[in-house]
Amino acid sequence: MIRTKELTKYFRTEEVETTALNKVNFEVKEGEFVAIMGPSGCGKSTLLNILGLLDNPSEGEFYFLNEEVSKYSERQRANLRKENIGFVFQSFNLIDELTVFENVELPLLYLGVPTAERKKRVDDKLTQMNIIHRKNHFPQQLSGGQQQRVAVARAVITNPKMILADEPTGNLDSAHGDEVMSMLTELNKNGTTIVMVTHSPADAEYGDRIVHLFDGHVVTDNQNGKFHI
């Protein structure tokens, strides 16, 4: 599904150049669940931004669905991203002024899905995520675990081929964190490819593979026997 070749990302200021990713070779097959680990500043979020078509690399190649996309414009990346990728963030990134229903509906509005179909799809997804009883509430009226359920519902409402999760349990207690990981596992079992950045060894164990980054390099990439089913 995705493949990088010698992927490199520099950040430059007038005084210094920082190498966030250094010749990263990395592949994720369709249907995999890959966990990316490493210390702060090792390049995890930079890699996720490039994989999510939010940024371009400075050098190297990036193939997404067999297309070489490393030089794509923002418009080209956005068009490819909106139908193929869902995002789940540590901070939920819900819009406070919108209800639960409206937050989840938003990606369908961008795709021009008709009103009746939008309502059915959002209601079905909120029911699946066990949050339908909060559909008319606003994010700040929800617990952290409920907000992350809404964020996952929004990420999957377009039936994306891949979900990118950046520390999805980072702001949750262990019980709600386990709940979110179970949701991601279920989505993966139903065919969605998942790439997750995490500091949590327990969360990483949900993955098929655990990839460790250090100083912008992939230092290990190991198959993992899933302990949480």
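Start by selecting helix α3, residues 100-110, together with helix α4, residues 115-128. In this predicted model, the two helices pack at an angle of about 125°, and their axes lie 10 Å apart. That angle makes α3 oblique to α4. Turn the view until you can look through one helix at the other: the crossing of α3 and α4 is right-handed.

Now show the side chains where these helices meet. On α3, pick V100, F101, V104, E105, L108 and L109. Facing them on α4 are R118, K119, R121, V122, D123 and L126. Try colouring this contact by residue type: seven of its residues are nonpolar, five are charged and none is polar.

Next, move to the strands. Select β1, residues 2-12, and β2, residues 17-28. How many bridges pair β1 with β2? Eight, and the strands run in the antiparallel sense. Follow the chain from β1 into β2 and you pass through a hairpin of four residues. To find a bridge here, click on R12, whose partner in β2 is E17.

Keep β1 on screen and add strand β4, residues 59-64. β1 and β4 are also antiparallel, joined by five bridges. Which residue of β4 stands opposite I2? Select F64 and you have found it.

While the strands are in view, switch on their side chains and rotate slowly. In a regular strand, side chains alternate between the two faces of the sheet.

As a last stop, bring β1, β2 and β4 up together: β1 pairs with β2 through eight bridges and with β4 through five.

How values were computed:
Residues are numbered from 1 along each chain as its sequence is written. This is a predicted model: local features need pLDDT of at least 70, side-chain atom pairs count only at pLDDT 80 or more; totals for chains, interfaces and linings use all residues. Side-chain values use heavy atoms; hydrogens and water are left out. Axes are lines fitted to C-alpha atoms, for helices over the stretch in contact, and angles run from 0 to 180 degrees between N-to-C directions. Angles under 35 degrees count as roughly parallel, over 145 as roughly antiparallel, 65 to 115 as roughly perpendicular and the rest as oblique. A crossing is left-handed if the near helix is turned anticlockwise from the far one by less than a right angle, and right-handed if clockwise. Contact means heavy atoms within 4.5 Å. Ala, Val, Leu, Ile, Met, Phe, Trp, Tyr, Cys and Pro count as nonpolar, Asp, Glu, Lys and Arg as charged, and the others, Gly among them, as polar. Two strands pair if DSSP finds at least two bridges between them.
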